[in-house]
Amino acid sequence: MKVIDHLENAKGATQFTFEILPPLKGQDIQSIFDAIDPLMEFKPPFIDVTYHREEYDYVERENGLLEKRVIRKRPGTVGICAAIQNRYDVDAVPHILCGGFSQEDTENFLIDLAFLGIDNVVALRGDAVKSETYFKACKGGHKYANELVGQIKNLNQGKYLDEEILNCTPTDFCVGVAGYPEKHAEAPSLESDLYFLKKKLEAGADYIITQMFFDNQKYFEFVTKCREAGINIPIIPGLKPLATLKQLNMLPHRFHVDLPQDLIDAVVKAKNNKAIAQIGLEWCIQQSKELKEKGVPFLHYYSMGKSESVKKIASALF
Ligand code: FAD
């Protein structure tokens, strides 16, 4: 079932959902099941699975020349989605990127998903690979997520890239896109970011999932600004409990989010990571309670493969 249909069926009740990432290459799928099993009692209507594009590194050959190697550290998004649907009978939502995909690759990826009975995707641009400063589309690929949404919606109308194919079967994907309450790192202003967020809606996006945030006010203001800008699709808040001292700097650096001063003060005063994890947990529970009271459709947690804290949060709320 599609994410927007789950929303409709809930009739205003807030539902619990979460995101997982594929295991590092070499690990087996049991680690994914171990992360999901403890969370199933909270009846997630869908589970997101992230996509991780290729990375490049250079190894020195015997002749002193450098050889460029392409590696994908976390492959398996589609396989995991199929396994989730098969094992738990829950909708899996794979993320799909512009980065590393030509339009032809995208079409073939979507055909695989459709054949597996997967009818949800989150369409994203992806970040620049480590060796590049700015994001670069690959040859024949999309530059921005709105173009990717457009291709998916074309396929939903039976428009394949090869116009000579006759009697095409339309796909039926529900498409989520990313939104940034504290603006995307590359956007010159929140207004500019909202302008392009609206382009994703105009291309056919069905709902938005936000980047993590630690101050609910940022989410509420973002929703208000979206509505004022005519962005009227559901906006699902994404949450992550802060868990270690290192994350105090890592989260702002990597995800371009601010941490509230009260949270920083409490973390700095904490004796060890166990105490920090407890502070992060309680903070996230408070955030979740307030968002639930305000009637958000889903509370979506970035589990990062660690279900223990997400389970504690879900136990306090659902
Ligand atoms: P876009 O919507 O394309 O926006 C990128 C930037 O370009 C923004 O600054 C925007 O304002 C600007 N812009 C947008 N459209 C245009 C246009 N037409 N012309 C000019 N400027 C434009 N990354 C992964 O690699 N794998 C994942 O699974 C993954 N999952 C994510 C899930 C969520 C909920 C979120 C919030 C992020 C996720 N990311 C993931 C990270 C995401 O790929 C990066 O944040 C990326 O830098 C931007 O992706 P986007 O889809 O928001 O890009």
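Which residues of helix 10 are buried? Keep that one in mind while you get your bearings. What you're looking at is a predicted model, and helix 10 is a handy place to start reading it. The buried residues of this helix are Ile276, Gly280, Leu281, Cys284, Ile285, Gln287, Ser288 and Leu291. If you click through them, you can ask what they pack against, and the answer is helix 7 (216-228), strand 9 (235-239), helix 9 (261-269), strand 10 (298-302) and helix 11 (307-317).

Helix 10 also lets you do a quick check on length. It runs over residues 273-293, which makes 21 residues. At 1.5 Å a residue, helix 10 should span 30 Å, and its end C-alpha atoms are indeed 30 Å apart, so expectation and model agree. After helix 10 comes Gly295, with a positive phi near 85°.

Now on to the ligand. There are 22 residues around the ligand, and the ones that come nearest are Tyr51, Asp127, Tyr180, Asp193 and Lys200. Sorted by class, that shell holds 11 nonpolar, 6 polar and 5 charged residues. Where do they sit in the fold? Strand 5 (91-97), helix 5 (145-156), helix 6 (190-203) and strand 8 (207-212) each bring at least two residues to the shell. Helix 6 gives the most, with 3 residues.

Zoom in a bit further and you can pick out individual polar pairings. An N or O atom in the side chain of Lys200 is 2.7 Å from an oxygen atom of the ligand. Gly126 takes part through its backbone instead, with a polar atom 3.0 Å from a ligand oxygen. Asn146 has a polar side-chain atom 3.4 Å from a nitrogen atom of the ligand. As for how covered the ligand is, it has 980 Å² of accessible area on its own, and the protein covers 86% of that.

Since strand 5 helps line the ligand's surroundings, let's stay with it for a moment. Ala92 is found in this strand, and because its relative accessible area is 0%, Ala92 counts as buried. What does Ala92 touch? Setting aside residues up to four places away in sequence, its contacts are Ile47, Cys81, Ile84, Gln85, Ile118 and Asn120. Phe46 is 46 residues away from Ala92 along the chain, but their C-alpha atoms are 5.6 Å apart in space.

Follow the chain past strand 5 and you reach the loop that leads to helix 4 (103-115), where Ser102 lies. Is Ser102 buried or exposed? Its relative accessible area is 14%, so Ser102 is buried even though it belongs to a loop. Leaving out residues up to four places away in sequence, Ser102 touches Cys138, Lys139, Gly140 and Gly141.

For a strand residue with another setting, try Tyr56, in strand 3 (residues 55-60). With a relative accessible area of 27%, Tyr56 is partly exposed. Beyond its neighbours within four places in sequence, Tyr56 is in contact with Lys68, Arg69, Val70, Val129 and Ser131. One of these, Val70, is 14 residues away in sequence and 4.7 Å away in space, C-alpha to C-alpha. The side chain of Tyr56 also makes a polar contact of 3.4 Å with the side chain of Glu54.

Gln157 takes us back to the loops, this time between helix 5 and strand 7 (174-179). Its relative accessible area is 54%, so Gln157 counts as exposed. The side chains of Gln157 and Lys159 are joined by a polar contact of 3.1 Å. Cys168 is 11 residues from Gln157 in sequence, and their C-alpha atoms are 9.0 Å apart.

Last stop: backbone angles. Most residues other than glycine have a negative phi. Lys11 has a positive value, near 50°, and is placed in the loop between helix 1 (3-10) and strand 1 (15-20). At 74% relative accessibility, Lys11 counts as exposed. His256, which is not a glycine either, has a positive phi of about 55°. You'll find His256 in the loop between helix 8 (247-255) and helix 9, and its relative accessible area of 42% makes it partly exposed.

Notes: Residues are numbered from 1 along each chain as its sequence is written. This is a predicted model: local features need pLDDT of at least 70, side-chain atom pairs count only at pLDDT 80 or more; totals for chains, interfaces and linings use all residues. Side-chain values use heavy atoms; hydrogens and water are left out. A residue is near a molecule or strand if one of its heavy atoms lies within 4 Å of it. A polar contact is a pair of N or O atoms within 3.5 Å; within protein, one must be able to donate a hydrogen and the other to accept it, and residues adjacent in sequence count only if both atoms are side-chain atoms. Accessible areas come from the Shrake-Rupley method with a 1.4 Å probe; for residues, only the protein chains shown count as cover. Helices (H or I, at least four residues) and strands (E, at least two) are DSSP runs, numbered from the N terminus. Ala, Val, Leu, Ile, Met, Phe, Trp, Tyr, Cys and Pro count as nonpolar, Asp, Glu, Lys and Arg as charged, and the others, Gly among them, as polar. The expected span of a helix is 1.5 Å times one less than its number of residues. Buried means under 20% relative accessible area, exposed over 50%, partly exposed in between (1.4 Å probe, protein chains only). Contact means heavy atoms within 4.5 Å.
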